[in-house]
2 protein chains.
Amino acid sequence: MTTQKEELIAESCPIEGLLKMLSGKWKPQIFQLAQEQPVRFNRLLRQLPEANKQSIAVALKELEEAGLLVKNVVQLKPLHIEYVLSEKGILVIPIFRQLEGLV
Amino acid sequence: MTTQKEELIAESCPIEGLLKMLSGKWKPQIFQLAQEQPVRFNRLLRQLPEANKQSIAVALKELEEAGLLVKNVVQLKPLHIEYVLSEKGILVIPIFRQLEGLV
DNA sequence: TTGAGTAGTCATATTTTTCTGACTTATTGT
DNA sequence: ACAATAAGTCAGAAAAATATGACTACTCAA
């Protein structure tokens, strides 16, 4: 739950909110993997063997809430739920490439 | 080498390190303020009245370590220690402006 | 019917980050 | 001499993030 304090701070500093899109454990890695192919819960558990269910579930939820990923149900039995990059997510990629460039 | 459809990416993720430049409490705000004028410890305590000494000290140290700020001793008595944007810090600004633009 | 795959949730630890208040060392002003 | 400002440091407490292991609910193949 967001406190009053956090809201005031977020309003006063745009960068802070932006960084929260991808800050949090495994979120950068998941965002990376999503650039190659849609990501799925159980596959991520295998791709990131040191991650745990909980963190991956939280990361997927927050990446979706941040508008970087879109959740999508694939009609296979059993149902597959995949997360693909949103339009916004795609726009973010070249910007992070620039940041990588100046390190 | 086996042809693995599900590739393991446990270790390297360039974005992750980049985000750490500015993730941490008060670091985005301090970076913002540093774009206006050099920042100083005690002045930050007044500019960010909800922050505490410890966090500001840590933030300044880490922003310096990340190469975004440069520490500089001003020969006033008592000595003033100010932190100014580095070249790299200046290069980061327009990139974050782009990120702000797509929200 | 049993076992394995799908995608999670939940309560409880453990770990990491942040906060609090006392303390330091040096200089200036009254 | 004493209070105020500079720039911090430190230990311990509180809060937040992350990890662990058990559990749910559905489908498929043997």
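## The sheet of chain B

In this predicted model, chain B holds an open sheet of 3 strands in the order E1-E3-E2, with antiparallel pairing. Strand E1 (39-40) and strand E2 (69-74) stand at the edges. Each has a single partner strand, so one side of each is left without a neighbour in the sheet.

E1(B) and E3(B) pair over 2 bridges, in the antiparallel sense. One residue pair can be named here: B:Arg40 has B:Glu82 of E3(B) as its bridge partner.

## How the two chains are related

Chain A superposes on chain B after a rotation of 180°. The shift along the axis is 0.0 Å, and the RMSD is 0.1 Å. That is the relation of a two-fold axis.

The contact between the chains fits into this picture. Of the interface residues of chain A, 75% are also interface residues in chain B, so the copies meet through the same surface.

## The interface, seen from chain A

In the interface, 28 residues of chain A are in contact with 26 residues of chain B. On the chain A side, four elements give two or more residues each: helix H2 (14-20), helix H3 (27-34), H4 and helix H6 (87-101). H6(A) supplies the largest share, 7 residues.

What is the make-up of the side of chain A that touches chain B? It divides into 16 nonpolar, 5 polar and 7 charged residues.

## Around DNA strand C

DNA strand C is surrounded by 18 residues. The closest are A:Arg40, A:Asn42, B:Asn52, B:Ser55 and B:Lys77. Chain A gives two or more residues from each of helix H4 (41-47), H5 and strand E3 (80-85), and chain B does so from H4.

By residue class, the surface near strand C has 6 nonpolar, 7 polar and 5 charged residues.

## Around DNA strand D

Which residues come nearest to DNA strand D? Of the 18 around it, they are A:Lys25, A:Asn52, A:Ser55, A:Lys77 and B:Asn42.

Helix H5 (53-65) of chain A supplies at least two residues of this surface. So do helix H3 (41-47), helix H4 (53-65) and strand E3 (80-85) of chain B. The surface near strand D divides into 6 nonpolar, 7 polar and 5 charged residues.

Key:
Residues are numbered from 1 along each chain as its sequence is written. Chains are lettered from A and ligands numbered from 1 in the order in which they are written. This is a predicted model: local features need pLDDT of at least 70, side-chain atom pairs count only at pLDDT 80 or more; totals for chains, interfaces and linings use all residues. A residue is near a molecule or strand if its C-beta atom, placed from the backbone, lies within 6 Å of it. Ala, Val, Leu, Ile, Met, Phe, Trp, Tyr, Cys and Pro count as nonpolar, Asp, Glu, Lys and Arg as charged, and the others, Gly among them, as polar. Two strands pair if DSSP finds at least two bridges between them. Copies are superposed by least squares on the C-alpha atoms of residues with pLDDT of at least 70 in both. Two residues are in contact if their C-beta atoms, placed from the backbone, lie within 7 Å.
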